[in-house]
Amino acid sequence: MIVELANYVTRLQYEDLSERAIEVGKQVILDSYGNMVFGRYSETSERILEYARLADSIIKNEDLVSLIGEQDVRTSTDHAVFIHTMMARCADLDDGYRHAMGHPGSVLVPLLLSMAQLHRNDGKQMITAIVAAYDVYARLGEAINPFMYRERGFDATGVCGAVAAAALVSKLTNADAKQTKDAMGIASLFTGGLIEYQNDGTSGKILCSGWAALTGLRAVRLASCGFTGPDAALEGKYGFFQAFKGTSGHCDTSHVLEGLGTDFKVTYIYFKRHACQRGLHATLDAMLELREDYSLTPSKIKSVDVRTSSFVYRLTNPKPKTAIGAQASTQFTSAVALKYGRMDSEELIFNSFTDPEVQELVQKITVTLDDEVQQYLADHPTHFCAAHVVITTHDGNIYERWMPVPLGDMETPFGWNMLEQKFNQFLAGTPFDGYKQERFEFIRNLEHMNHVDKLLRF
């Protein structure tokens, strides 16, 4: 299969893309770029830049690339890629693909921007490469999930991201089909990532994308030197699919090559409205709809019951100790959303730790493992966010809302207007703020651009 995927990546041309694939390809670049800018000026960026000072290295015989937000500072591609991928994850608002249960944008777009600057790729080449890489990511993730994630705790962001990253860099550097196959095969041998960080809110979430991107990049360099990857890297007896399938032994590889070149998986990407774990988004959408429809305020609320499946039930954590832990807490995120009408910023999360009204609301929220929602998930395995929210007020009213999928997914996609609002929010208050309209239009018209130098500077 990896031979067929490599041939596809190599042969794909901009003219082969559908209008929708081109549009969403630009949208995922816009969204991840906004995440990167936000992350550059977030609280976490202090640690990221400290790492930058400690770990800088230069690859001999390679031109340097820009480090975002650092005027006139240029560094190695490895360094820039790892830093930019971390920044792209800080807000927890990066795109995702629910069938693969991971976040391709935070791996692929920062890598795309650095490599396109280095190799002087134009906009059409960038769009083509990102569409091809998303296809690789999504098709691998579809085959091994939801079982790899739910049963074994592997993060598709890292597992699928490394192979997709190899495809992306191969495309941008005009590698031939054999080198592309070898690079993707090498990457598949050394990919990984675990989600244990979700249980205590530690830093693995923002590191996973960087490891995947660098694994893919290094695999391309190795392939260019003649190192080889297995022809059966995916379906072999000891290959990718065998390694990552769930404990149930389930792995559906029958659709990996189906519709290749016509059914572009980037068009199924979701964009995030809430700065938290994706599994909580349907719950928060239901909370916000009830809040608005019935003018609910914290003082009116007696109790909240989130009835859901085992996937969301595992995110029960009324006392998170870190921001990342808070972003994976049903009670905390729900309380913030009910009070403020949003759950979309790092600052809001930090402030809510000491907000007595939020903490009081947290104590009113229960999470229930519901048989009906559990059965719904069994019948619709990609609707893992599904939730039934019941709010009881002090005056005896009961308000309910069923939410099977969150906003921003393929059933309820964001348009350019919604993405522009989100992009402007990312850039607000940063040195990039004054350039937000220019940068938005640049990416929206990316197919007409010759290079991307200006995106990494102000």
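S5 and S6 form a hairpin with 4 residues between the two strands, and Gly396 in the turn has a positive phi of about 95°. The model is a predicted one, in which local features need pLDDT of at least 70, side-chain atom pairs count only at pLDDT 80 or more, and totals for chains, interfaces and linings use all residues. Residues are numbered from 1 along each chain as its sequence is written, and side-chain values use heavy atoms, with hydrogens and water left out. Helices (H or I, at least four residues) and strands (E, at least two) are DSSP runs, numbered from the N terminus.

## The strands around S5

Let us stay with the hairpin for a moment. S5 and S6 run antiparallel and are joined by 6 bridges; strands count as paired if DSSP finds at least two bridges between them. Within this pairing, Thr392 stands opposite Ile398 in S6. S5 also pairs with S3, again antiparallel, through 7 bridges. Here Ile301 has Thr393 of S5 as its bridge partner.

How many of the residues of S5 are buried? The strand is mostly covered, with 7 of its 7 residues buried, where buried means under 20% relative accessible area, exposed over 50%, and partly exposed in between (1.4 Å probe, protein chains only). In a regular strand the side chains alternate between the two faces of the sheet. In S5, Ala387, Val389, Ile391 and Thr393 point one way, while His388, Val390 and Thr392 point the other way.

## Helix H19 and what covers it

Helix H19 spans residues 371-379, and its buried residues are Val373, Tyr376 and Leu377. Seen down the axis of H19, these residues fall within an arc of 100°, so they line one face of the helix; the arc is that of the directions from the helix axis to the C-beta atoms. Turned away from that buried side is a face carrying the exposed residues Asp371, Glu372, Ala378 and Asp379.

Which elements help to cover the buried residues of H19? The cover includes strands S3 (301-308), S5 (387-393) and S6 (398-403), along with helices H7 (147-152) and H14 (310-313). Contact here means heavy atoms within 4.5 Å.

The N-terminal end of H19 is capped by Asp370. One of the side-chain oxygens of Asp370 lies 2.9 Å from the backbone nitrogen of Glu372. This is a polar contact, meaning a pair of N or O atoms within 3.5 Å; within protein, one must be able to donate a hydrogen and the other to accept it, and residues adjacent in sequence count only if both atoms are side-chain atoms.

A side chain also approaches a backbone nitrogen at Ser345, which is found in the loop between helix H16 (330-340) and helix H17 (346-352). A polar atom of the Ser345 side chain lies 3.0 Å from the backbone nitrogen of Leu348. Ser345 is buried, at 14% relative accessible area.

## Cysteines

A search of the whole structure finds 0 disulfides, a disulfide being a pair of cysteine sulfur atoms within 2.5 Å. Cys90 is in no disulfide, and the nearest cysteine sulfur, that of Cys208, is 14 Å away. Why does Cys385 form no bond with Cys276? The Cys276 sulfur is the closest cysteine sulfur to that of Cys385, but at 9.3 Å it is too far for a bond. Both Cys90, at 8% relative accessibility, and Cys385, with a relative accessible area of 4%, count as buried.

## Backbone geometry worth a look

Most residues other than glycine have a negative phi, and most peptide bonds are trans. Two residues other than glycine with a positive phi are set out below.

| Residue | Phi | Loop between | Relative accessible area |
|---|---|---|---|
| Asp92 | near 60° | H4 (77-89) and H5 (104-119) | 4%, buried |
| Asn174 | near 60° | H8 (156-172) and H9 (177-189) | 64%, exposed |

There is also a cis peptide bond, which joins Asn145 and Pro146 with omega of about 15°. Pro146 is found in the loop between helix H6 (123-144) and H7.

## Glu142 in helix H6

Glu142 is found in helix H6 and is partly exposed, with a relative accessible area of 22%. Not counting residues up to four places away in sequence, Glu142 touches Tyr97, His99, Ala100 and Lys265. The C-alpha atoms of Glu142 and Met101 are separated by 8.4 Å, although the two residues are 41 residues apart along the chain.
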